[in-house]
Amino acid sequence: MRHSHLLRNLLLLGLIFIICACNLKQSNELPAGPDYSQGKFWSIKDENPTHAIDVFFVHPTTYGPPANGHFIADLDDQELNHVTDRDTIQWITAAFADSCNVFAPRYRQMNIEVLKGEDLKVEEYLKIPVSDIEAAFKYYLNNLNNGRPFILAAHSQGSYVMQTLLRKNPGLLDKNKLVAAYLPGWTFTDKDISDLGLKLSEKADQTGCIITWNTIGPGGVSPTVKEGARCVNPLSWNTETSEFPASMNIKAKIFLSPGKKLLIKNFTAARINGDGALEIPTPTQGVLEQLNMSLGKEVYHRYDYDFFFYNVQENVKQRCNAYLKEHR
């Protein structure tokens, strides 16, 4: 009887072990990778290009916690796709759409929990979005671009992915076709920029350059501003460290929620501080209490494009016109 009871317990323990092992395996399995010949793996793919220049856009992190052990986004997650398209990709690429044909792939992004983890863990998970964007960019160049010049644009995780991809595969980028690279929301050091074979923007109509910034307020400490960060001020489009006045800020377009936004002319002044961050005065209390400050007090990461939206839109037009004039 005792042997029978022991055998039953062993069988039960074995069954529990098998179930746990299966669940662990399932939680660690990667979601299926994209095939960019299929339209469902593009958030925006301009089917009827009308502009002379394209923009290839890599969206920021929209896959937030809790990850529940699934640290890489599933491209079959229709709710996540919908929110990413509506609240982020369509929102930001509107700054480029007046001058460019828009191409914005979906990719297996990292959950924000990964980006807050240890560097080695981040580097391991980063291989997945980098692999997807490499495949998307190659597909775009070979099947959608049709020889047109292009802008590279991204934000946050998207900028990190583009930086990593272009350092890993420098031959992927035809610099003669690059109008400019707008890559705010991540640190670019002098070494990063040198490794990419590009220069920082020093004037509004410069072409073939990198434009990057990370927005904070007084005393703000942003996790995306690392040692050696460089910055281009989106009011002056150069690296001068003096403060440029709010009168140069054409208009902010600030996302609050679907269907709700703030449009504010001459929204803010801005200067590049000693840490290489873009520092702005603290917004008015009426604005501040409506903002998403999930990365901490005085960290305006979510609004890198929003606070300077119409300056970006105007500058995209300037650089596109300058490129077309240079390459007549």
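Between which two strands does the loop that holds Trp-237 lie? Trp-237 sits in the loop between β8 and β9, and its backbone is one of several local features taken up below. The structure is a predicted model, and the points that follow cover its sheets, helix α8, its largest pocket and some backbone details.

**The seven-stranded sheet**

- An open sheet is formed by seven strands, which follow one another in the order β1-β3-β2-β4-β5-β7-β6, and the pairing within this sheet is mixed.
- The edges are taken by β1 (42-45) and β6 (199-200), each of which has a single partner strand, so one side of each is left without a neighbour in the sheet.
- Strands of a sheet pair through backbone hydrogen bonds, in either a parallel or an antiparallel sense.
- For β4 and β5 the sense is parallel, and the pairing runs over four bridges; Ile-151 has Ala-180 in β5 as its bridge partner.

**The three-stranded sheet**

- Three strands make up an open sheet in the order β8-β12-β11, again described by mixed pairing.
- Its edge strands are β8 (215-216) and β11 (271-272), each of which pairs on one side only.
- β11 pairs with strand β12 (residues 278-279) in the antiparallel sense over two bridges, and the bridge partner of Ile-272 in β12 is Leu-278.

**Helix α8 and its packing**

- Helix α8 covers residues 309-326, which makes 18 residues, and its span of 26 Å from the first C-alpha to the last is close to the 26 Å expected at 1.5 Å a residue.
- The buried residues of α8 are Phe-309, Asn-311, Val-312, Gln-313, Asn-315, Val-316, Arg-319, Cys-320, Ala-322 and Tyr-323.
- These buried residues pack against one helix segment, α2 (78-93), and against the strands β4 (150-154), β5 (178-182), β7 (209-211) and β9 (251-257).
- Among these packing partners of α8, β4, β5 and β7 also belong to the seven-stranded sheet.

**The largest pocket**

- The largest pocket holds about 1,200 Å³ of space, and its lining is made up of 44 residues, of which Thr-61, Ile-112, Leu-115, Ser-156 and His-301 lie nearest its centre.
- The elements that contribute two or more residues to this lining are α2, α3 (112-115), α4 (119-144), α5 (157-168) and β9.
- Of these, α4 gives the most to the lining, with five residues.
- Sorted by class, the lining of the largest pocket consists of 19 nonpolar, 15 polar and 10 charged residues.
- Both α2 and β9 appear among the elements that line the pocket and among those against which the buried residues of α8 pack.

**Backbone details in the loops**

- The peptide bond that leads from Pro-65 to Pro-66 is cis, with omega near 0°, and Pro-66 is placed in the loop between β2 (54-58) and α2.
- Trp-237 is not a glycine, yet its phi is positive, at about 60°.
- With a relative accessibility of 4%, Trp-237 counts as buried, because the cut-off for that class is under 20% relative accessible area.
- Glu-298, likewise a residue other than glycine, has a positive phi near 65°, and its place is in the loop between α7 (285-288) and α8.
- Glu-298 also counts as buried, at 9% relative accessibility.

Conventions:
Residues numbered from 1 in each chain as written. Predicted model: local features only at pLDDT ≥ 70, side-chain atom pairs only at ≥ 80, totals over all residues. Heavy atoms only, no water. Expected span 1.5 Å × (residues − 1). Buried < 20%, exposed > 50% of the residue type's maximum accessible area, 1.4 Å probe, protein only. Contact = heavy atoms within 4.5 Å. 1 Å grid on protein atoms, 1.4 Å probe; cavity = no way out; pocket = protein on both sides within 12 Å on 5 of 7 lines; lining within 4 Å. Points joined across faces, edges and corners; volume = space filled by probe spheres on them. Nonpolar A, V, L, I, M, F, W, Y, C, P; charged D, E, K, R; others polar. Pairing = 2+ DSSP bridges.
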